[in-house]
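Me: Please give a close account of the ligand site. I would like to know what surrounds the ligand, which polar contacts are made, and how much of the ligand the protein covers.

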Amino acid sequence: MVIANTKDVLSEARKKLLKNKIDTKEARLLLARAMNVDVGELVTIDYCSDYDYKVFLGYIERRIEGEPFAYIVGYKEFMKLNFEVNKNVLIPRDDTEVVVLEAIKQCKENILDMCTGSGCIAVSLAKYLEKSVIDASDICANALAVAKRNAKRNKVKVNFIKSDLFENITKKYDMIVSNPPYIKTSDIENLQKEVRMEPIKALNGGENGLYFYDEILKNAKKHLTQKGIILLEIGYDQARDVSLLAKKYNYKKIRKIKDLSNNDRVIYAERG
Ligand SMILES: C[S@@+](CC[C@H](N)C(=O)[O-])C[C@H]1O[C@@H](n2cnc3c(N)ncnc32)[C@H](O)[C@@H]1O
């Protein structure tokens, strides 16, 4: 049944979003999702059905409740690719593209993406480093299921391994890449509501936020080839601490790489 005028529906939704300090541009994208059409097509559609209208209102309510936009629409763009996301995975961040771009520059043959989540790093590397062999691991079976679908969705081959850090990792790699959980446990409750809707396992970096860096740097050497390197995404204020850990475990040529906002974002280190 045709009931609602799309212009009116959009205008009503924009007002609600504005009142809740949410970008009003999301209204069109959410309506297009509710109607299952491309956003560009919306200008040619004057009315929406009762059902689509209700679905759309549900999306707007969820958004106002603080649910991330990407979880509602079910996807996120990353490295010019499209990734399925749901509540089992961290939503890929633009900052993480810095790690991927550096990894592409390093252009190694055998690569492990540890703590893969949605698979955004591993799948992007498989896409842009066609000749490399890419393995990806995560402790969470539900995250790995999403990552597997993302490899299929982007038509690349990635070998997925369910593993608590290095527990089930048997190979040696030329490069290990990781964006591990790195928020201090005590900081989690102060995060934005939207971020707190993401999996706690993807956020919690332990008491000092450094638990995973310590574990990964301590154990990675056994899984790196002689000339192997490691790339770790870090929080903007963790460069010093993570560099010190790399030094403690005797890595060589340790350096930091900045993101587009000029924050330290990646630690590069060689096995040596
Ligand atoms: C910060 S998210 C990163 C996800 C993805 N690589 C990205 O950049 O968007 C961290 C991931 O680490 C995984 N994880 C947490 N503890 C782990 C562990 N002990 N071993 C392996 N993966 C773990 C979580 O399930 C989550 O998917």
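**The ligand site**

Reply: In this predicted model, the largest pocket is where the ligand sits. Two elements each give two or more residues to the shell around the ligand, namely helix 6 (120-128) and helix 9 (200-203). The shell comprises 19 residues in total. Cys 115, Asp 138, Asp 164, Leu 165 and Asn 179 are the closest of them. By residue class, the shell consists of 11 nonpolar, five polar and three charged residues.

Three of the closest residues also make polar contacts with the ligand through their side chains, and these may be taken in turn. For Asp 138, an N or O atom of the side chain lies 2.7 Å from an oxygen atom of the ligand. The partner of Asp 164 is a nitrogen atom of the ligand, at 2.8 Å from a polar atom of the Asp 164 side chain. With Asn 179, the ligand again contributes an oxygen atom, and the distance to a polar side-chain atom of Asn 179 is 2.8 Å. As to coverage, the ligand on its own has 600 Å² of accessible area, of which the protein covers 96%.

For the wider setting, the protein is divided into domain 1, spanning 2-65, and domain 2, spanning 84-270. The centres of domain 1 and domain 2, taken over C-alpha atoms, are 36 Å apart. The residue ranges of helix 6 (120-128) and helix 9 (200-203) fall within the bounds of domain 2 (84-270).

Terms used. Residues are numbered from 1 along each chain as its sequence is written. This is a predicted model: local features need pLDDT of at least 70, side-chain atom pairs count only at pLDDT 80 or more; totals for chains, interfaces and linings use all residues. Side-chain values use heavy atoms; hydrogens and water are left out. A residue is near a molecule or strand if one of its heavy atoms lies within 4 Å of it. A polar contact is a pair of N or O atoms within 3.5 Å; within protein, one must be able to donate a hydrogen and the other to accept it, and residues adjacent in sequence count only if both atoms are side-chain atoms. Accessible areas come from the Shrake-Rupley method with a 1.4 Å probe; for residues, only the protein chains shown count as cover. On a 1 Å grid over the protein atoms alone, a cavity is a set of points where a 1.4 Å probe fits but cannot get out, and a pocket is an open set with protein on both sides within 12 Å along at least five of seven lines; lining residues have an atom within 4 Å of a point. A molecule sits in a cavity or pocket if more than half of its atoms lie within 2 Å of its grid points. Helices (H or I, at least four residues) and strands (E, at least two) are DSSP runs, numbered from the N terminus. Ala, Val, Leu, Ile, Met, Phe, Trp, Tyr, Cys and Pro count as nonpolar, Asp, Glu, Lys and Arg as charged, and the others, Gly among them, as polar. Domain bounds come from an automatic or database domain assignment.
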